[in-house]
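Here are a few short exercises to work through with the structure on your screen. Try each task before you read its solution.

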Amino acid sequence: MAADVKAPPLRAMPGVQPLLAGAMAQSKPYVASDKIQQAIGFPGELVDGWQDQAIGKMGELLGKYRSLKVHLDACVHCGACADKCHYFIGTQDPLNMPVARQDLMRSVYRRHFTLAGRLFPKLVGARDFTRDVLDQWYSYFNQCSECRRCSVFCPYGVDTAEITMAAKAIMDSIGLGQKYSNEIIGKVHRIGNNLGLPGPALANTLSGLEEDVKEETGADVRFPLDEKGAEVLLVTPSADFFAEPHVDSLIGYAKVFHQAGIRWTLSTHASEAGNFGLFIGSYEQLQKIALRIREAALDLGVRRIVVGECGHAWRVAYSFWNTLAGIGAGGSDPFARRLQSQLDSRYRQPMHICELTWDLIQRGALVLDRDANDHRIVTFHDSCNVARASRMGDRPGGQFEIPRNVIKAVTNHYVEMARGTTHDETFCCGGGGGLLTDELLDLRVKGALPRMEALQQVVDSHGVNFMATICAICKAQFSKVLPYYGFKMGMVGGIHQLVSTAIRLGAKH
Amino acid sequence: MTPATVLFAVLLYVAATVLAGGLAYRIYDYARTPAPLKIPTTPAPTTRGGVVLRLLREVVLFESLFRANLWLWAFGWLFHAGLALVLVRHLRYFTEPVWSWVALVQPFGVYAGFAMAAGLFGLWVRRFFVARVRYISTPSDHLMLALLLLIALSGLAMKFVTRTDVVAVKAFCLGLVYFDWQPLPSDGLVFVHLGLVAALMLVFPFSKLLHAPGLFFSPSRNQVDDSRDHRHLAPWAARLDPKP
């Protein structure tokens with residue numbers, strides 16, 4: 001643990017907090033180097049005449065995204081969102097109120113794109129795009145994890161994530177990029193995944209896992225890579241290949257496929273479900289990264305595409321893949337039809353691993369021993385992108401039910417955290433949106449506060465000792481910040497880690 | 001024709017034109033701007049009908065606001081519901097004979113005027129006493145509330161403080177509708193009330209009052225959650241599809 005980073009005290013009575021103006025003004029991530037920027041097509045450093053160029057980019061985005069235009073116009077400063085952001089709750093910095101964060105862009109929008117702002121800037125809070133304003137943008141748009149909790153409560157659905165993404169797109173276009181996200185995007189293009197794990201290393205890791213599982217269970221569970229003719233292509237966050245506790249869920253997926261007798265494969269070309277193009281608001285990057293999955297699916301000839309435990313990846317897969325890469329159903333154009341005629345239309349495309357496992361459980365295809373998890377008292381952390389930007393199953397809200405159904409099928413002790421902190425009101429882990437980087441640790445620890453409060457409650461009341469989640473970022477973030485709040489880092493893990501413990505291989509004939 | 005009659009007749013024509021034209025342009029502008037990605041805030045309806053219901057709940061009940069903050073919801077809803085009834089009540093100035101359903105609403109319209117003022121007062125108090133809301137309030141936020149509150153109070157004063165010649169006011173209003181101008185009674189409160197209403201109409205298309213049409217165009221609320229079943233493609237995004 002970093003010595004200078006301290007967790008804020010848990011609040012006795014959440015609700016009324018004093019404002020600490022400027023408390024987080026110094027928090028900012030490292031700026032991307034020219035090499036990182038240029039590798040993905042952005043200017044290497046802040047360009048001359050950046051102000052005009054930024055306004056030009058804003059105008060372009062206003063013409064391309066209805067969300068941006070409507071959300072900048074519609075806000076009435078009612079304050080419904082003001083106390084809903086985990087970063088505001090944890091830092092008390094008023095610029096972390098969603099409406100105030102939006103106003104950093106809205107003030108510039110008003111000045112340059114509205115009559116009132118041109119004529120009466122002071123009256124309507126319009127500002128020129130000065131260097132000071134740009135610095136505020138870099139600091140505070142990098143204190144938003146794009147989790148959409150504020151948009152749930154907004155009477156017009158104003159979504160700060162849309163505005164943060166646009167701000168990052170504008171900053172990238174003038175050469176002010178964020179190192180962490182943009183470096184990762186470079187890696188996914190160069191090597192195939194966010195962690196920069198090359199093909200041979202991946203193959204090596206997977207065969208190691210086969211040996212481990214053989215030793216543990218005696219079963220020949222396979223972790224296939226680039227196998228043509230497999231039925232399922234599994235696309236999962238690269239953290240699953242070696243990070244703790246992620247890898248335990250990967251073992252879980254493999255056991256499920258093994259017992260259900262489904263031929264599956266991973267792909268080196270698409271060895272990453274994550275898509276940081278989302279975080280930086282770049283449609284071009286979103287699409288370029290998503291197309292890797294399409295290419296791998298066509299190349300391997302798979303009939304189904306399944307996505308592992310990853311929050312924002314599931315948002316991109318569920319909500320955007322059909323648009324970006326034709327992965328889905330219902331496409332009538334040749335581009336979409338080419339892939340969609342290959343995919344098996346009896347299954348949802350793409351499918352979440354929890355949907356797959358739950359379908360198998362309902363069909364009785366898995367042999368599960370709940371008692372094997374009896375050392376665990378489990379709660380579930382809804383990940384923001386799954387909860388508020390996607391679905392599972394056929395009914396709205398399936399993204400809440402299906403993961404819980406799976407957990408309850410593999411454990412005897414399940415406890416729900418407090419209302420207002422779960423389902424679509426869930427709190428972000430504090431590390432999403434491209435903020436999972438060490439220089440932002442102080443922000444991440446503070447942003448985890450509301451989740452830690454809810455966790456503390458169920459630890460005290462029910463002795464919860466395991467918080468399941470289905471997101472690689474949540475897992476990494478919690479592993480890091482749990483100790484700051486006095487919890488063990490091993491408390492967090494994946495749902496398929498629980499499945500892995502409960503599943504009885506070889507017991508089915 | 002008094003100078004005041006001419007002045008207010010012209011002012012109201014201009015204000016109505018700006019309001020209608022400005023709003024029409026905004027709606028056209030929102031409608032033509034594409035939404036390239038599926039971004040409904042989930043859980044979201046999976047059918048068009050479901051989306052209509054979702055929007056209806058937002059418009060009539062302020063569903064999201066209710067979840068956010070009860071005081072804010074109460075004041076906001078009181079104001080908007082009051083305003084809606086008051087607007088309906090005012091239809092009697094523009095119809096002859098008065099439509100029967102408008103006549104039916106008349107008695108409630110008076111109470112609605114008080115509800116509207118009370119809601120506005122509550123919303124304004126929040127801007128001073130809730131630190132978060134004080135921080136985000138701009139001068140125009142205060143002015144907008146002042147404008148609406150003055151409209152409500154001047155309207156109520158015409159009923160409860162002095163007696164305005166409503167028959168003459170109605171003749172003036174009908175005259176505007178049929179382009180057959182009738183004299184506006186020389187009454188200070190009427191001048192204030194009409195002047196402020198004209199000001200409200202003039203700023204509407206250029207201000208945060210755009211939240212009214214905005215809601216219907218907000219992709220996080222108006223999109224159907226069906227991204228796996230239908231390929232959603234904006235024209236500019238379609239051009240980025242790689243050629244096979």
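**Exercise 1.** Find how many helices and strands chain A has in this predicted model, and work out why its radius of gyration agrees with that of a compact globule.

*Solution.* Begin with the elements: chain A holds 23 helices and seven strands. Next, take its length of 509 residues, for which a compact globule would have a radius of gyration near 23 Å; chain A has 23 Å, so the two agree. Its C-alpha trace spans about 80 × 55 × 40 Å along the principal axes. Finally, look inside: 60% of the 509 residues in chain A are buried.

**Exercise 2.** Explore the largest nonpolar core and identify which helix of chain A gives the most to it.

*Solution.* This core has 197 residues, and those that touch the most other members include A:Ala166, A:Leu233 and A:Ile407. The helix to pick is α15 (residues 311-325) of chain A, which gives nine residues. Domain 1 (34-177) and domain 2 (188-415 + 464-502) of chain A each supply at least three residues. Now zoom in on A:Ala166: leaving aside residues up to four places away in sequence, A:Ala166 touches A:Leu61, A:Tyr65, A:Leu68 and A:Gly281.

**Exercise 3.** Describe the side of chain B that touches chain A: which element gives the largest share?

*Solution.* First count the partners: 60 residues of chain B are in contact with 66 residues of chain A. Among the elements giving two or more residues to chain B's side are α3 (63-68), α4 (70-90) and α7 (139-160) of chain B. The largest share, five residues, comes from α6(B). Last, sort this side by residue type: 30 are nonpolar, 18 polar and twelve charged.

Note on methods. Residues numbered from 1 in each chain as written. Chains lettered and ligands numbered in written order. Predicted model: local features only at pLDDT ≥ 70, side-chain atom pairs only at ≥ 80, totals over all residues. Contact = placed C-beta atoms within 7 Å. Helix = DSSP H or I, 4+ residues; strand = E, 2+ residues; numbered from the N terminus. Nonpolar A, V, L, I, M, F, W, Y, C, P; charged D, E, K, R; others polar. Rg over C-alpha atoms; globule rule 2.2 N^0.38 Å. Buried ≥ 20, exposed ≤ 12 C-beta atoms within 10 Å, placed from the backbone. Core = buried A, V, L, I, M, F, W, Y, C linked by C-beta atoms within 7 Å. Domains from an automatic or database assignment.
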